[in-house]
Amino acid sequence: MTSLTLRSNTYKNDDDYETTEEIWEHILPFVSLDKIIYEPFYCSGRSKDILNNLGYKNVIHENEDFFINHQRHNFDTIVSNPPFTIKKKVFDTLREIDKPFIMIVPVSIITKQFFMDKYKDSDITLLIPRKRMQFSKSGQPLSRCWFDTIFVCYKLGLEKQIIFC
């Protein structure tokens, strides 16, 4: 399998599924437009433009290593579609940061022991899309994504633990 290098980390080629505007639209009811958004996983860099177009004017989205550079940013909420192969490291780091977040992840993440251990007593909400989300890859929309994804939300103060969106 080939790999690609992003922000001085090496990920597998299948980690570069990009989030489309249709997917980002799901977060609109849950994150106020006046929040400073940090979208740490860069890929092609399109997320900032998409989030700006949706009305989020304060978006931090730079081609840098999240694990090294997150401390230098002042933000309210993290939103991202993190590389799947480093999901444990991402969720461990998010727990250390302890700020509100929305992560777009395969549904299987909630069944992983590391996730349950870190977040079992936390303010977690799952946003479950009514249909399978379709991503893009290398700038081309995918016609059929082979995995189901959800939004895992942390510390957003939402009233329900499961929301169908």
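# A tour from helix H4 to the second largest pocket

Start just past helix H4. Select Asp98, the residue that follows H4; its phi is positive, near 60 degrees. Keep in mind throughout that this is a predicted model.

**Stop 1: helix H4**

Now select H4 itself, residues 87-97. Which residues of H4 are buried? They are Lys87, Val90, Phe91, Asp92, Thr93, Leu94 and Ile97. Show their surroundings next. These buried residues pack against two helices, H3 (66-69) and H5. They also pack against strands S6 (77-80), S7 (101-106) and S11.

**Stop 2: the whole chain**

Zoom out for a moment. The protein has 5 helices and 12 strands. Its length is 165 residues, and 51% of them count as buried. Turn on the surface: the accessible area is about 8700 Å². Carbon and sulfur atoms account for 48% of that area. Then look at how the chain comes together. Take the contacts between residues at least 6 apart in sequence: 66% of them join residues at least 24 apart.

**Stop 3: helix H2**

Select H2, residues 46-53. Ser47, Ile50, Leu51 and Asn52 are buried here. What do the buried residues of H2 pack against? Helix H1 (21-24) is one partner, and the others are S4, strand S5 (59-60) and S6. S6 also appeared at the first stop, as a packing partner of the buried residues of H4. Step off the end of H2 to Gly55, which follows the helix and has a positive phi near 115 degrees.

**Stop 4: the loop before H2**

Go back to the loop between strand S4 (37-38) and H2, and select Glu39. Is Glu39 buried or exposed? Its relative accessible area is 2%, under the 20% cut-off, so Glu39 counts as buried. Show the side chains around Glu39. A polar contact of 3.0 Å links the side chain of Glu39 to that of Ser47. Ser47 is one of the buried residues of H2.

Expand the selection to everything Glu39 touches, leaving out residues up to four places away in sequence. You should get Trp24, Ser47, Leu51, Ile60, His61, Val79 and Ser80. Leu51 in that set is another buried residue of H2.

Stay in the loop between S4 and H2 and pick Cys43. Cys43 is not a glycine, yet its phi is positive, about 50 degrees. Cys43 is partly exposed, with a relative accessible area of 27%.

**Stop 5: Val31**

Move to the loop between H1 and S4 and select Val31. Val31 is buried, at a relative accessible area of 3%. Leaving out residues up to four places away in sequence, Val31 touches Ile37, Tyr56, Thr77 and Ile102. Now draw a distance from Val31 to Val79, C-alpha to C-alpha. The two are 48 residues apart along the chain, and the separation is 9.4 Å. Val79 is also among the residues that Glu39 touches.

**Stop 6: Glu64**

Next, the loop between S5 and H3: select Glu64. Glu64 is buried as well, with a relative accessible area of 9%. Where does its side chain make a polar contact? Look at Arg72: the side chains of Glu64 and Arg72 make a polar contact at 2.5 Å.

**Stop 7: Lys155**

Jump to the loop between strands S11 (149-154) and S12 (162-164), and select Lys155. Lys155 is not a glycine either, and its phi is positive, about 55 degrees. Lys155 is partly exposed, with a relative accessible area of 34%. S11, on one side of this loop, is a packing partner of the buried residues of H4.

**Stop 8: the second largest pocket**

Finish at the second largest pocket, which has a volume of about 170 Å³. Which elements give two or more residues to its lining? They are helix H5 (113-119) and strand S8 (124-128). H5 gives the most, with 3 residues.

Select the full lining: Ile110, Phe115, Met116, Tyr119, Lys120, Ser122, Ile124, Leu126 and Gln161. Color the lining by class. There are 6 nonpolar, 2 polar and 1 charged residues.

Leave H5 highlighted as you close. H5 contributes to this lining, and the buried residues of H4 pack against H5 too.

Notes:
Residues numbered from 1 in each chain as written. Predicted model: local features only at pLDDT ≥ 70, side-chain atom pairs only at ≥ 80, totals over all residues. Heavy atoms only, no water. 1 Å grid on protein atoms, 1.4 Å probe; cavity = no way out; pocket = protein on both sides within 12 Å on 5 of 7 lines; lining within 4 Å. Points joined across faces, edges and corners; volume = space filled by probe spheres on them. Helix = DSSP H or I, 4+ residues; strand = E, 2+ residues; numbered from the N terminus. Nonpolar A, V, L, I, M, F, W, Y, C, P; charged D, E, K, R; others polar. Buried < 20%, exposed > 50% of the residue type's maximum accessible area, 1.4 Å probe, protein only. Contact = heavy atoms within 4.5 Å. Areas by Shrake-Rupley, 256 points an atom, 1.4 Å probe, with all protein chains shown as cover. Polar contact = N/O pair within 3.5 Å; in protein donor to acceptor, adjacent residues only side chain to side chain.
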